[in-house]
Amino acid sequence: MDCDELTVVEEQNQPERKESGKRGRKPGRKASTEKIDMKAKLERSRQSARECRARKKLRYQYLEELVSDREKAVFELRRELEKLHFWALEIDAGRFPEGLQELLEELGAMKQE
């Protein structure tokens, strides 16, 4: 087999390529249109980056609000836990803590409903 025959065999085994692929330079385009296209492409890229930064900023604001709300909820729950712990100590000492009667009445009203 000659080198020419080998080339022909290799070309037959390769799949055919489309001539109008999306990559690479396009034939017949001038340098001026490429500059205009490049400027437009850069402007689109800049605009996309601005929009991305704006979305990122909004996302961070949302997450900060979420964290703040959760921190407030944790603070309130800790305060309630301390109050209930204090009440338990008062009851163990044989005293009736302030506010317990109101809580019991509120719970009784809920049961009646």
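Trainee: Why is E90 called buried in this predicted model?

Mentor: The relative accessible area of E90 is 14%. Buried means under 20%, so E90 is buried.

Trainee: What makes the contact between E90 and R95 a salt bridge?

Mentor: The two side chains meet at 2.9 Å, N to O. The definition asks for a side-chain nitrogen of Lys or Arg within 4 Å of a carboxyl oxygen of Asp or Glu, and therefore the pair of E90 and R95 counts as a salt bridge.

Trainee: Is R95 buried, exposed or partly exposed, and how do you know?

Mentor: R95 has 49% relative accessibility. Exposed means over 50% and buried under 20%, with partly exposed in between, so R95 is partly exposed.

Trainee: Which residues are joined into one network by salt bridges that share partners?

Mentor: That network consists of E43, R46 and R50. Within it, the side chains of R50 and E43 meet at 3.1 Å, N to O, and the limit is 4 Å. R50, at 38% relative accessibility, is partly exposed, and E43, at 39%, is partly exposed as well. The structure holds 4 salt bridges.

Trainee: What makes R79 and E76 a salt bridge, and how are they placed in their helix?

Mentor: Their side chains meet at 2.5 Å, N to O, and the criterion is within 4 Å. R79 and E76 are separated by about one helical turn, because they lie 3 residues apart in helix α2 (residues 31–92). R79 has 44% relative accessibility and E76 has 43%; partly exposed lies between 20% and 50%, so R79 is partly exposed and E76 is too.

Trainee: Why is E102 called exposed?

Mentor: E102 has 58% relative accessibility. Exposed means over 50%, so the term applies to E102. The residue is in helix α3, and it gathers with E98, E105 and E106 in a patch of negative charge on the surface.

Trainee: What makes that patch one of negative charge?

Mentor: Asp and Glu count as negative, and the patch is made of E98, E102, E105 and E106.

Trainee: Which residues form the nonpolar patch on the surface, and why is L107 called partly exposed?

Mentor: F96, L104, L107 and M110 form the nonpolar patch, with about 410 Å² of accessible area together. L107, found in helix α3 (residues 100–112), has a relative accessible area of 41%. Partly exposed lies between the cut-offs of 20% and 50%, so L107 is partly exposed.

Methods. Residues are numbered from 1 along each chain as its sequence is written. This is a predicted model: local features need pLDDT of at least 70, side-chain atom pairs count only at pLDDT 80 or more; totals for chains, interfaces and linings use all residues. Side-chain values use heavy atoms; hydrogens and water are left out. Patches are made of residues with over 30% relative accessible area and no salt bridge: like charges are joined within 9 Å, nonpolar side chains (Val, Leu, Ile, Met, Phe, Trp, Tyr) within 5 Å. Accessible areas come from the Shrake-Rupley method with a 1.4 Å probe; for residues, only the protein chains shown count as cover. Helices (H or I, at least four residues) and strands (E, at least two) are DSSP runs, numbered from the N terminus. Buried means under 20% relative accessible area, exposed over 50%, partly exposed in between (1.4 Å probe, protein chains only). The place of a charge is taken as NZ of Lys, CZ of Arg, CG of Asp or CD of Glu.
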